[in-house]
Amino acid sequence: MESKQQPITALPAWQALGKHFRKIKNVHLRDLFADDPERAARFTVEAEGLRLDYSKNRISGDTMKLLAALADARGLVQARADMFSGKAINRTENRAVLHIALRNRANTPIMVNGCDIMPDVNRVLGQMARFSEAVRSGVWKGFTGKPIRAIVNIGIGGSDLGPVMAYEALKPYTQRDLIVRFVSNIDATHIWEATRDLAPDETLFIVTSKTFTTQETMTNAQTARDWCLSALKQETAVARHFVAVSTNAAAVQAFGIDPENMFEFWDWVGGRYSLCSAVGLALMLAIGPHHFLDMLEGFHAMDRHFLTAPPERNLSVILGLLGVWYNNFFNAQSHAILPYDQYLSRFPAYLQQADMESNGKSVDRQGRRVTWQTGPVIWGEPGTNGQHAFYQLIHQGTKLIPADFIGFCKAANGMGLPRASRGDHQAKLMANFLAQTEALAFGRTADEVAAQGIPPELVPHKVFAGNRPTSTIMAEQLTPAMLGKLIALYEHKIFTQGVIWDIFSFDQWGVQLGKELAGRILPELTAVAEPELKHDSSTNALIRMFRRYRCQD
């Protein structure tokens with residue numbers, strides 16, 4: 001989609017929202033609910049097994065109509081169609097953006113440069129399934145003839161955050177006698193702790209790097225290779241204990257991996273959107289092809305919902321519009337993701353990359369510096385841990401922090417146990433879940449506090465202002481399909497906001513400068529002779545400190 005020439009702040013739809021904001025900004029949620037007994041029903045949407053109750057947001061029906069008009073003025077419908085059709089909407093890299101093809105379970109043709117990419121997608125999925133079944137069943141043997149007992153995924157960014165998040169989320173569906181671990185940090189501690197109690201002849205490493213040159217990944221991969229060969233001695237052992245997710249066949253083969261065990265992915269998939277590709281191989285090994293395909297079905301269902309549902313019934317669009325409302329009109333600087341499910345403990349971290357790497361941009365599609373806020377800071381922890389950490393600030397602090405609460409009616413743990421054996425964990429968890437959104441919305445007034453007999457000098461400390469916005473996302477249970485729906489829900493929310501903010505959401509040039517400078521600094525840290533340093537005075541002094549202590553080692 002071509003960018004609109006007019007800055008969004010000059011659009012009539014934007015200006016109408018500004019005028020509306022001035023009218024509604026001080027209206028309290030207590031009054032909004034009191035004035036409309038049907039408010040919860042009016043601002044609740046259900047689709048694909050997900051219930052989104054956004055009634056506890058500081059909005060009216062007019063707010064949502066004006067926000068939808070802004071999305072329409074920014075060309076959301078056409079932008080959405082362009083992405084699904086395979087157009088090169090990643091303009092700065094001249095690439096299509098087709099993570100939706102990875103989970104296109106309808107198998108309808110999707111064209112890139114005149115070619116249907118679905119046969120390649122299905123070919124790699126088949127390759128992944130065959131390999132996973134071989135490892136899980138014990139047919140695949142290590143170099144000494146033993147079956148594989150441990151999987152170590154080596155990657156970084158999207159090649160780590162997605163698989164590790166999904167593995168934790170779907171742990172009840174994993175083959176529990178198969179150890180699965182993830183290594184990303186170039187800090188040697190990460191690879192050392194991941195391997196210290198494993199047997200090299202029973203361990204399989206998955207090295208995930210599109211170019212097979214990513215510094216962090218290849219450093220860890222080489223260390224893993226050395227660790228493996230220190231026990232197995234022969235170079236030919238590498239081919240039985242390493243596979244690759246890459247496109248660089250020559251580098252993969254030079255490492256010692258059989259090219260037959262290289263799993264391909266494509267430049268029309270960004271790393272943070274790549275979980276459904278071969279990047280998810282470790283996940284498929286853990287949960288099996290059947291559950292992996294169930295997850296893809298969930299992704300596909302939400303993709304279809306996003307593509308076809310009208311704005312007022314579209315879960316991703318609604319979440320995207322609410323985020324614009326708080327980010328750009330209330331000037332909220334962050335957004336909390338609060339899953340009340342321990343299995344989703346890594347979901348906020350996953351969304352940090354998905355959102356902040358996508359929409360953390362400061363120039364519009366014309367290359368002009370924006371004069372409006374773009375992506376917020378994304379953060380969060382699972383409930384109820386967060387309640388004993390940062391909820392104090394959300395309730396009584398000076399910052400407005402919109403939050404998404406994610407919860408499930410049924411626990412995913414304890415499957416197969418009779419109800420009487422499960423205790424009341426889930427009821428207590430969800431009581432907290434529901435109580436927090438109520439407390440944040442309505443608070444507690446000074447009169448209500450005083451009525452409890454609280455001494456007057458303590459009343460101000462026990463007042464909760466309320467009017468803190470939340471969206472509640474609920475489903476029956478966290479399953480592979482539901483996880484796919486949740487991830488796709490947020491992916492399309494991020495896309496919606498990028499279109500409205502007139503930024504390119506699918507590149508990440510901001511990660512490059514630090515990498516380039518690290519390439520300059522590394523030889524200065526390791527040189528035998530004292531190098532001539534030409535950095536700033538701070539960086540020069542820190543390099544000298546490192547060298548001084550390194551020489552003492």
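**Notebook: salt bridges, backbone exceptions and surface patches**

**Entry 1. Asp 120 and Arg 123**

I began with a pair in which Asp 120 forms a salt bridge with Arg 123, the closest N and O atoms being 3.4 Å apart. The model I am reading is predicted. I looked up the position of both partners: they are three residues apart in helix 7 (residues 118-137), and therefore about one helical turn separates Asp 120 from Arg 123. I then checked accessibility. Asp 120 is partly exposed, because its relative accessible area is 33%. Arg 123 also has an entry here, being partly exposed at 39% relative accessibility.

**Entry 2. Arg 225 and Glu 235**

I next turned to Arg 225 and Glu 235, whose side chains meet in a salt bridge with an N to O distance of 2.4 Å. Arg 225 belongs to helix 10, whereas Glu 235 sits in the loop between helix 10 and helix 11 (238-241), so this pair ties together parts that are ten residues apart in sequence. I asked myself whether Arg 225 counts as buried or exposed. With a relative accessibility of 12%, Arg 225 counts as buried.

**Entry 3. Arg 365, Asp 502 and Arg 74**

I looked up a further salt bridge, in which the side chains of Arg 365 and Asp 502 meet at 3.9 Å, N to O. Arg 365 is placed in the loop between helix 15 and strand 11, and Asp 502 in the loop between helix 20 (480-501) and helix 21 (512-526), so the pair ties together parts that are 137 residues apart in sequence. Both accessibilities were retrieved: Arg 365 is buried at a relative accessible area of 17%, and Asp 502 is buried at 1%. I noted that Arg 74 joins Arg 365 and Asp 502 in a network of salt bridges. For the whole structure, I recorded 21 salt bridges.

**Entry 4. Asp 355, a buried acid without a salt bridge**

Which side chain of opposite charge is nearest to Asp 355, and how far away is it? I found Lys 493, at 4.0 Å; Asp 355 is buried yet has no salt bridge. I located Asp 355 in helix 15 (residues 347-359). I then listed its contacts, leaving aside neighbours within four places in sequence: Asp 355 is in contact with Gly 360, Pro 376, Ile 378, Lys 493, Ile 494 and Gln 497. Lys 493 thus appears again, as one of the contacts of Asp 355.

**Entry 5. Backbone exceptions**

I looked for peptide bonds in the cis form and noted one that joins Gly 383 and Thr 384, with omega about 10°. Thr 384 is placed in the loop between strand 11 (377-379) and helix 16 (391-396).

I then turned to positive phi values in residues other than glycine. Phe 212 has such a value, with phi near 60°. Phe 212 is found in the loop between strand 7 (203-208) and helix 10 (215-232). Phe 212 counts as buried, because its relative accessibility is 5%.

Asn 467 is likewise a residue other than glycine with a positive phi, near 60°. I placed Asn 467 in the loop between helix 19 (459-462) and strand 13 (470-475). At a relative accessible area of 8%, Asn 467 is buried.

**Entry 6. Surface patches**

Which residues gather in a patch of positive charge on the surface? I recorded Lys 19, Arg 22, Lys 23 and Lys 25. Of these I followed Arg 22, which lies in helix 1 (residues 12-24). Arg 22 counts as exposed, with 56% relative accessibility.

I also recorded a nonpolar patch on the surface, formed by Leu 542, Met 545 and Tyr 549, with about 330 Å² of accessible area together. Leu 542 has its place in helix 22 (residues 537-551). Leu 542 is exposed, because its relative accessible area is 53% and exposed means over 50%.

**Entry 7. His 190**

I closed with His 190, whose place is in helix 9 (residues 188-195). His 190 is partly exposed at a relative accessible area of 28%. Not counting residues up to four places away in sequence, His 190 touches Phe 182, Val 183, Ser 184 and Asn 185. I also looked up a separation: the C-alpha atoms of His 190 and Asp 72 are 47 Å apart, with the two positions 118 residues apart along the chain.

Terms used:
Residues are numbered from 1 along each chain as its sequence is written. This is a predicted model: local features need pLDDT of at least 70, side-chain atom pairs count only at pLDDT 80 or more; totals for chains, interfaces and linings use all residues. Side-chain values use heavy atoms; hydrogens and water are left out. Patches are made of residues with over 30% relative accessible area and no salt bridge: like charges are joined within 9 Å, nonpolar side chains (Val, Leu, Ile, Met, Phe, Trp, Tyr) within 5 Å. Accessible areas come from the Shrake-Rupley method with a 1.4 Å probe; for residues, only the protein chains shown count as cover. Lys and Arg count as positive and Asp and Glu as negative; His and the chain ends are not counted. The place of a charge is taken as NZ of Lys, CZ of Arg, CG of Asp or CD of Glu. Helices (H or I, at least four residues) and strands (E, at least two) are DSSP runs, numbered from the N terminus. Buried means under 20% relative accessible area, exposed over 50%, partly exposed in between (1.4 Å probe, protein chains only). Contact means heavy atoms within 4.5 Å.
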